[in-house]
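The following exercises ask the reader to work through a protein model step by step. Each task is followed by a worked solution, and the model should be kept in view throughout.

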Amino acid sequence: MIKYLIIDDEHIAHEIIKDYCDLLPNMELQKNCFDALEALQYLNKHQVDLIFLDLNMPKLKGFDFLKTLPAPPKVIVTTAYSEFALEGYELNVMDYLLKPFSFERFLKAVNKAMSSTASTQTLSSGVQNPTKPNRLFLRGDKKYTQVVIDDILFIEAAGNYTKVILNNDTITIREKISNLLESLPAKNFLQVHKSFAVATQHINSIEGNRIAIGDHQIPIGKVYRMNVNDLLK
C-alpha cells in the first residue's frame, strides 16, 4: 500500500485529491491535515510514503514546513501559485501540480513519484528502506493496474498505444511509447528501436540485430544501434 497524507487548508482540495486517489489501487489515505502544524504532529508518530502539499497555508507555509522535516517522504506540491516552482525543485519535490489539475496530470505526478529511484526514507529514524519496489500505475482495459517496474520485460509501440510486456502478462495502454518512457527510470530502460524499449536487467543475449529477452526476440534499429553499443562497453 502507498500511504499518503493530504496537507491543504481547503476542504475541496482534499475531496479532489482523495477522489483521484480512490481511482487508483493501493492508495491509502492516512490523514487529512488542514494546516502544516497538524501534519507535523501526525508525522512525529507516523510515517507515510507520499505527501500532497499545498503551499499557501496559515500558521506555517508549505515549503517552510517541508524544510523542518529531516528525512521527508516523496512530496507532490498542489498549489494555485506557479511562482514557487523553482524553490520546490530545489527541495527535491517530485512534481508540481498547478490547481486546477486534471486526473491525467495527477496520475503522471503519482507515477513519477512512485517510480522515482530516489530512496524512500522513514520519518522517524531516516533509515532507508531498500526493499520497497518502485511501482507504476497503468491504465488498460478500463482499469488501473499497479505494476512493479522490475517486472517489465520490454515495451512495444503500437500506433497511439503501447504494449507493456511483463513476466506473466501484457497490458495495452493508450499512451505513446515516448510518454511512457518518461515515467520509467532512464537507467533501467533502453530504447533499441523506434517501436521497442527494453529493460536492460532482463536481457539474456544480444546477437546481430536481435536482443533475446525470455522467449522474445527484440529488433535493434539502425538509429538505435549506438545505444546498444554503449551498453556493451
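**Exercise 1. Paired strands and their hairpins**

Which residue of S15 stands opposite isoleucine 211?

Solution. The model is a predicted one.

Step 1. Find the pairing of the two strands: S14 and S15 (residues 216-219) run antiparallel and are joined over four bridges.

Step 2. Read off the partner: isoleucine 218 in S15 stands opposite isoleucine 211.

Step 3. Inspect the turn. Two residues separate the strands in the hairpin of S14 and S15, and glycine 214 takes a positive phi near 60° there.

Step 4. Look at the preceding strand. S13 (residues 205-207) is antiparallel to S14 (residues 210-213), with three bridges between them. Isoleucine 211 in S14 stands opposite isoleucine 206. The hairpin of S13 and S14 has two residues between its strands, and glycine 208 has a positive phi near 60°.

**Exercise 2. A further hairpin**

Identify the bridge partner of phenylalanine 137 in S7, and the residue with positive phi in the hairpin of S6 and S7.

Solution.

Step 1. Establish the pairing: S6 and S7 (residues 143-148) are antiparallel, with six bridges.

Step 2. Locate the partner: phenylalanine 137 is bridged to glutamine 146 in S7.

Step 3. Examine the two residues between the strands: aspartate 141 has a positive phi near 55° in this hairpin.

**Exercise 3. A parallel pair and its crossover**

Determine the sense in which S1 and S2 pair, and the hand of the crossover between them.

Solution.

Step 1. S1 (residues 2-7) and S2 (residues 27-33) are parallel and share six bridges. Within this pair, isoleucine 2 stands opposite methionine 27 in S2.

Step 2. Follow the chain from S1 through helix H1 (residues 11-22) to S2: this β-α-β crossover is right-handed.

**Exercise 4. Backbone exceptions**

Find a cis peptide bond and two residues other than glycine with positive phi.

Solution.

Step 1. Recall the usual pattern: most residues other than glycine have a negative phi, and most peptide bonds are trans.

Step 2. The bond from lysine 99 to proline 100 is cis, with omega near -5°. Proline 100 belongs to the loop between S5 (95-98) and H5.

Step 3. Asparagine 26 has a positive phi, near 65°, and sits in the loop between H1 and S2. Its relative accessibility is 35%, so it counts as partly exposed.

Step 4. Lysine 59 has a positive phi, near 75°, and lies in the loop between S3 (50-53) and H3 (62-67). Because its relative accessible area is 68%, above the 50% cut-off, lysine 59 is exposed.

**Exercise 5. The nonpolar core and two buried loop residues**

Describe the largest nonpolar core, then decide whether leucine 24 and phenylalanine 101 are buried or exposed.

Solution.

Step 1. The largest nonpolar core has 23 residues, and those with the most contacts inside it include Leu24, Met27, Phe52 and Phe106.

Step 2. S1, H1, S3 and H5 each give two or more residues to this core, and H5 gives the most, seven residues.

Step 3. Leucine 24 lies in the loop between H1 and S2. At 5% relative accessibility it falls under the 20% cut-off and therefore counts as buried. Its C-alpha is 8.8 Å from that of leucine 107, although the two are 83 residues apart in sequence.

Step 4. Phenylalanine 101 is in the loop between S5 and H5. With 13% relative accessibility, phenylalanine 101 also counts as buried. Phenylalanine 101 and threonine 79 are 22 residues apart in sequence and 9.6 Å apart in space, C-alpha to C-alpha.

**Exercise 6. The largest pocket**

State the volume of the largest pocket and characterise its lining.

Solution.

Step 1. The volume is about 760 Å³.

Step 2. The lining comprises 29 residues, and Leu107, Lys108, Asn111, Glu175 and Ser183 lie nearest the centre of the pocket.

Step 3. H5 (103-114), S6 (135-140), S10 (170-173) and H6 (177-183) each supply at least two lining residues. The largest share, six residues, comes from H5.

Step 4. By class, the lining divides into twelve nonpolar, eight polar and nine charged residues.

Definitions and conventions:
Residues are numbered from 1 along each chain as its sequence is written. This is a predicted model: local features need pLDDT of at least 70, side-chain atom pairs count only at pLDDT 80 or more; totals for chains, interfaces and linings use all residues. Side-chain values use heavy atoms; hydrogens and water are left out. On a 1 Å grid over the protein atoms alone, a cavity is a set of points where a 1.4 Å probe fits but cannot get out, and a pocket is an open set with protein on both sides within 12 Å along at least five of seven lines; lining residues have an atom within 4 Å of a point. Grid points are joined across faces, edges and corners, and a volume is the space filled by probe spheres set on the points. Ala, Val, Leu, Ile, Met, Phe, Trp, Tyr, Cys and Pro count as nonpolar, Asp, Glu, Lys and Arg as charged, and the others, Gly among them, as polar. Two strands pair if DSSP finds at least two bridges between them. A crossover is right-handed if, with the strands pointing away from the viewer, the path from the first strand over the helix to the second runs clockwise. Buried means under 20% relative accessible area, exposed over 50%, partly exposed in between (1.4 Å probe, protein chains only). A nonpolar core is a set of buried Ala, Val, Leu, Ile, Met, Phe, Trp, Tyr and Cys residues joined through side-chain atoms within 4.5 Å.
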